[in-house]
Amino acid sequence: PDHQQRQIADQFRHVKRPLLAAALGRGVEPLPNGRMIMVASSLPAEGKTFVSVNLALSMSLERDISVVLVDADVAKPHISRLFGVDGEPGLLEALQDERLDIESLILPTDILKFSILPAGAQSDTATELLASQRMQAIVTRLATSQDRSRVVVFDSPPLLLTSESRVLAQPMGQVVLVVQAGKTPQYAVQDAIRCLGEHKPVSLLL
């Protein structure tokens, strides 16, 4: 419904503002690697992918920002399926083949300044690939793109369900932890924050 669309759009404007300020140093000291933003949750089905997509779309409306949405939920690549790119090579191929330039795998969309990096073909060694030096190099490559206005949003697996998300969080500059109202147990939120470590900038989104 139109009224709901407007309400959600306005809510995501509020959500993105402090994240962009910390990423780009707008009125505050920029966070190291702050343009790399991971959207996570404690458990499945808390709305993490909904938040990732809408946050990225809202950021792409900014006049001077471009956004890459990375499907890093390699076990259940919902974003790749949602956008119909689940058959395309993506993050996992780049992790396995150092000759692949990550930039060549980013797919433009019909929305200006909004691109997608698919998850790619599933792998039994996804955790090890995400934990590799190659992953660090890919994050650095995305962060140091010639497009200095680029923000990269990573949709990650649930923190308490897989080890991939904890590994993925290490090179991230910011983490948005999605919490479903009336459903997510308090202990799960606390455990998820502990997984991320004391020094990681974490924002909670109810």
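Two strands are said to pair if DSSP finds at least two bridges between them. With that in mind, good morning, and let us turn to the structure above, which is a predicted model.

I begin with one pair of strands. Strand β2, residues 66–71, is joined to β4 by four bridges, and the two run parallel. Within this pairing, V68 stands opposite S115 of β4. On its other flank in sequence terms, β2 has a further partner to consider: with strand β5, residues 150–155, β2 pairs in the parallel sense over six bridges. There, L69 stands opposite V153.

Now to β4 itself, residues 114–117. Is this strand buried or exposed on its two faces? Both faces are covered: F114 and I116 are buried on one side, and S115 and L117 are buried on the other. Strand β4 also pairs with strand β3, residues 107–108, in the antiparallel sense, over two bridges. The bridge partner of P108 in β4 is S115, the residue that V68 of β2 also stands opposite.

β3 and β4 form a hairpin with five residues between them. In the loop between these strands we find K113, whose phi is positive, about 65°, although K113 is not a glycine. As background, most residues other than glycine have a negative phi. K113 counts as partly exposed because its relative accessibility is 27%. A second residue of this kind is N33, which is not a glycine and has a positive phi near 60°. N33 is found in the loop between α1, residues 2–24, and β1, residues 36–41. With a relative accessibility of 34%, N33 counts as partly exposed.

Let us place these strands in the whole sheet. In what order do the seven strands lie? The order is β3-β4-β2-β5-β1-β6-β7, in an open sheet with mixed pairing. The edge strands are β3 and β7, the latter at residues 202–205, and each of them pairs on one side only. Helix α1 lies across β1, β5, β6 and β7, and runs at about 160° to β6.

I turn next to a single residue, D71, which is found in strand β2. D71 is buried, yet has no salt bridge. How far away is the nearest side chain of opposite charge? That side chain belongs to K48, at 7.1 Å. A salt bridge requires a side-chain nitrogen of Lys or Arg within 4 Å of a carboxyl oxygen of Asp or Glu, so a separation of 7.1 Å between D71 and K48 does not qualify.

What does the side chain of D71 reach instead? One answer is the backbone nitrogen of I79, at 3.5 Å. Another is the side chain of S80, joined to that of D71 by a polar contact of 2.7 Å. Leaving aside neighbours within four places in sequence, D71 is in contact with a longer list of residues, among them P77, H78, L91, P118 and D155. That list also includes L117, one of the buried residues of β4.

Finally, the salt bridges, of which the count comes to 11. Three pairs and one network will serve as examples.

The side chains of D101 and R141 meet in a salt bridge, at 3.1 Å from N to O. D101 lies in the loop between α4, residues 91–96, and β3, while R141 lies in helix α6, residues 133–143, so the pair ties together parts that are 40 residues apart in sequence. D101 is partly exposed, with a relative accessible area of 33%, and R141 is partly exposed as well, at 34%.

The second pair is D191 and R194, whose closest N and O atoms are 2.5 Å apart. Both residues lie in helix α8, residues 186–196, three residues apart, which is about one turn of the helix. D191 counts as partly exposed, at 26% relative accessibility, whereas R194 is exposed, at 58%.

In the third pair, D97 forms a salt bridge with R99, with the closest N and O atoms 3.0 Å apart. D97 counts as partly exposed at 23% relative accessibility, and R99 as exposed at 77%.

The network, lastly, links K16, R17, R26, E62 and D64 through salt bridges.

To close, two points may be kept in mind: the seven strands form an open sheet with mixed pairing, and D71 in β2 is buried without a salt bridge. Thank you.

Technical notes. Residues numbered from 1 in each chain as written. Predicted model: local features only at pLDDT ≥ 70, side-chain atom pairs only at ≥ 80, totals over all residues. Heavy atoms only, no water. Buried < 20%, exposed > 50% of the residue type's maximum accessible area, 1.4 Å probe, protein only. Contact = heavy atoms within 4.5 Å. Axes fitted to C-alpha atoms, helices over the stretch in contact; angles between N-to-C directions. Lys, Arg positive; Asp, Glu negative; His and termini not counted. Polar contact = N/O pair within 3.5 Å; in protein donor to acceptor, adjacent residues only side chain to side chain.
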